[in-house]
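I opened a notebook page for this chain and set down what I wanted to look up: helix packing, charged pairs, backbone geometry and surface exposure.

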Amino acid sequence: MNMDMSQYLDVFLEESKEHLGSLNHKLLELEKNTSDLTALNEIFRAAHTLKGMSATMGFEDLADLTHHMEDVLADLKEGLLTANTTVIDILFKCFDRIQLMVDNIESTGTGSLDNKDLIKKLEGIKRGELTATMESDREYHELSTELPLTDRAAENSLDFNEYEMTVLKDADSKGFNIFHVLVHVDQGCVMKSVRAFMVYRAVEEDGEIIKSIPTAQDLDEGRFENDFELFIVTHLSQEDIQKNINAISEVTVSNIHAINIKSGLAMPVYFPDKDESKTNEDDISDNNDEAIASHKVRHTVRVDIERLDNLMNLVGELVMHKGRLEQIGATSKIGELNDTIEQIDRITGELQSVVMKVRMVPIEQVFNRFPRMVRDLAKELNKEVDFIMEGKETELDRTVIDEIGDPLVHLLRNAIDHGLELPEKREKLGKNRQGMVILRARHEGNNVYIEVEDDGLGVDVEKIKDRAIDRGLISAPEAEKMSVEEAINILFYPGFSTTDSVSDVSGRGVGLDVVKTKIEVLNGEIFIDSKAGVGTKFVVKLPLTLAIIQALMVSAQDEIYAIPLSNVDETTIITENDIKMIQNQEVIVMRGTVLPIYRLSSLLETPGVMASEKEMYVVVVRKSERQIGLIVDTLIGQQEIVIKSLGKILGGIPGIAGAIVAGDGNVRLILDVITLF
């Protein structure tokens, strides 16, 4: 019977991407510490699951490659091979190939690819041609049990390698249950390997299989009679394990025993929760009761992002009509209506908060793609890099997350290529051979700050000026008058580069100007803080969300505008006598500081008659370290607004970020303070 697997393609792709993320992350950990057994076990699990999923879906090339990867990883786990540089590099190449095949499956529906080159290398590793083989006389440990395991273990002992024994001891010390299970597959079963795979999946939902007899590879290929044994670490009871396995058709548990071992070596080991694929060390407590109690199951549902966008739009409409109701209530002054409006205001606020939280995702989703990129780039440039990531749990709106990846790629490549010196040069300067690059994220108010910092050369201001003069971007007299901050900002000029030669990494004149443009599209800002010889820090300031924001509503002649509150520093009142002229520019003095001011109606060429009030309202707005004052006719008040795009035709107008539909049904423009400057 041929089964249509296309209906499961979306699930396959989603789960494959999750396993690829885990594979990439753990490979990097293994490269740093080749004796990291936890990372090695995670890699093996990811490859094993990918193989089973691919075979089930009919993607034979992908299943074949992951099968050969699993062979090598099994030998690494058994201690037969060592994870040297050559082995790690080939495993990374396998990861890249798997990534390519999954991408092809997503775009074309087929994952066919010739992997003979990689399979040949993997077979070479397994034969010991590409890595040193460890001594065959490995150390084994005795395992004492409550009951005899099998006839083969009648002497109350069984051979376990060091890795397996370490896991078992640590599981015992953490209060987890350890079981030996004898599984029987019916004599008439046609697909024994599929049943074995289903048993594996059922057990690993709530625990970890430490050892199987025969091996996992033999089980996958059906090389066993009708019985196999499993050694399991789990928080479930003996009855639950037996029930879960017996629920699989043509499979029964012949025997199951609890195992006791003497607690010894303790190290953190990963025991998966029922619905989680990530390590949660907090869920492993010191005694069995606490361990079971602390395993909280998190129920999650995958939701199409379009549904979230539609939900957000509906909430936005609700916020808009809430404003209209408030306007009606203020005009009519009906007591009962005002009470209802207050309730609607509270419920709408809570609903909005919930929807916003649903759309928020950890920036870890973006950050996790960078360690591999940094590793490869450092190798390409012959640099040694200590890459540190902080604040991965910081959350951002999904729309911002989708767009921030590329700018961060530019900044990290810039830090490694331009910022960090070669190891030999760093030694001569008295620095550590290994340069440091830090990527951190943090919340501050209604904004998220992302920083890319290095401890390299720093920005050479004079070199920047000279290069800008050579390229005709500025004149020599202009360069002399420039402050350090203004000179550093030349880095954001279109087409500017300090690299003398063009390479795959830099020198093409496409870089920081693209970064700045992209960030400004996200209503964000970017700053540079640099000290020559010490290092450089790029700081990106982004709004938490691009959908619903707080704004200050103002009027200028016959029009009403919204100014995002994140750009507003303060408001004040002035008279004509307070305004002075400096070089044909209107200014006022605020607390000893000269502040340039602009009449908003003139800037935007607003139609209508200019108000001739004796007192004028000034909204002080900020861009980076600069401030200006905008003279408006009236301050209407603070309001939550739902941003609507102006579309392709009207989009990109300097000074205008979008529009809102106000409570009275009229369209109001939102000022873009950054481009207004």
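Before placing any residue, I note that helices here are DSSP runs of H or I with at least four residues, numbered from the N terminus. I also keep in mind that this is a predicted model.

**Entry 1, a nonpolar patch.** I looked first at the surface and found that V190, M191, V194 and M198 form a nonpolar patch there, with about 380 Å² of accessible area together. I then placed one of its members, M198, in helix α7, which covers residues 192–204. Is M198 buried, partly exposed or exposed? Its relative accessible area is 33%, so I recorded M198 as partly exposed, since that class lies between the cut-offs of 20% and 50%.

**Entry 2, helix packing.** I turned to pairs of helices, for which the description consists of the angle between the axes and the distance between the axes. For helix α1 (residues 9–32) and α2 I read an angle of about 155°, with the axes 9 Å apart. That angle makes α1 roughly antiparallel to α2, because an angle over 145 degrees counts as such. I noted the crossing of α1 and α2 as left-handed.

The second pair I looked up was helix α3 (residues 60–78) with helix α5 (residues 116–126), whose axes come within 9 Å and cross at roughly 20°. How are α3 and α5 oriented to each other? They are roughly parallel, because the cut-off for that word is an angle under 35 degrees. I noted that the crossing of α3 and α5 is left-handed.

**Entry 3, salt bridges.** I asked how many salt bridges the structure holds, and the count is 32. I followed three pairs in detail.

In the pair of R45 and E204, the closest N and O atoms are 3.6 Å apart. This salt bridge links distant parts of the chain, with R45 in helix α2 (residues 37–57) and E204 in helix α7, 159 residues apart. When I checked the exposure of the two partners, I found both R45 and E204 buried.

For the salt bridge of R97 with D117, I read 3.1 Å between the closest N and O atoms. R97 lies in helix α4 (residues 85–108) and D117 in helix α5, so this pair ties together parts that are 20 residues apart in sequence. On the exposure of these two, I recorded R97 as buried, because its relative accessibility is 17%, and D117 as partly exposed, because its value is 38%.

The third pair is E390 with R440, whose side chains meet in a salt bridge at 3.1 Å, N to O. It links strand β6, where E390 sits, with strand β8 (residues 435–444), where R440 sits, and the two residues are 50 residues apart. I noted E390 as partly exposed at a relative accessible area of 35%, whereas R440, at 18% relative accessibility, counts as buried.

Besides these pairs, I wrote down a network of salt bridges that links E31, D89, D96, R372, R375, D376 and K379.

**Entry 4, backbone geometry.** I then went through the backbone and stopped at the peptide bond joining I213 and P214, which is cis, with omega about 0°. P214 has its place in the loop between β2 (207–213) and α8 (216–220).

I also looked up two residues with a positive phi. N382 has a phi of about 60° although it is not a glycine, and I located N382 in the loop between α14 (370–380) and β6 (385–390). Because its relative accessibility is 58%, N382 counts as exposed. Q583 has a positive phi of about 50° and is not a glycine either. The loop that holds Q583 runs between β15 (580–582) and β16 (585–590). With a relative accessible area of 78%, Q583 is exposed.

**Entry 5, a loop leucine.** My last look-up was L457, which I found in the loop between β9 (447–454) and α17 (461–470). I classed L457 as partly exposed because its relative accessibility is 33%. I also noted that the C-alpha atoms of L457 and R426 are separated by 9.4 Å, while these residues are 31 residues apart along the chain.

Methods:
Residues are numbered from 1 along each chain as its sequence is written. This is a predicted model: local features need pLDDT of at least 70, side-chain atom pairs count only at pLDDT 80 or more; totals for chains, interfaces and linings use all residues. Side-chain values use heavy atoms; hydrogens and water are left out. Patches are made of residues with over 30% relative accessible area and no salt bridge: like charges are joined within 9 Å, nonpolar side chains (Val, Leu, Ile, Met, Phe, Trp, Tyr) within 5 Å. Accessible areas come from the Shrake-Rupley method with a 1.4 Å probe; for residues, only the protein chains shown count as cover. A salt bridge is a side-chain nitrogen of Lys or Arg within 4 Å of a carboxyl oxygen of Asp or Glu. Buried means under 20% relative accessible area, exposed over 50%, partly exposed in between (1.4 Å probe, protein chains only). Axes are lines fitted to C-alpha atoms, for helices over the stretch in contact, and angles run from 0 to 180 degrees between N-to-C directions. Angles under 35 degrees count as roughly parallel, over 145 as roughly antiparallel, 65 to 115 as roughly perpendicular and the rest as oblique. A crossing is left-handed if the near helix is turned anticlockwise from the far one by less than a right angle, and right-handed if clockwise.
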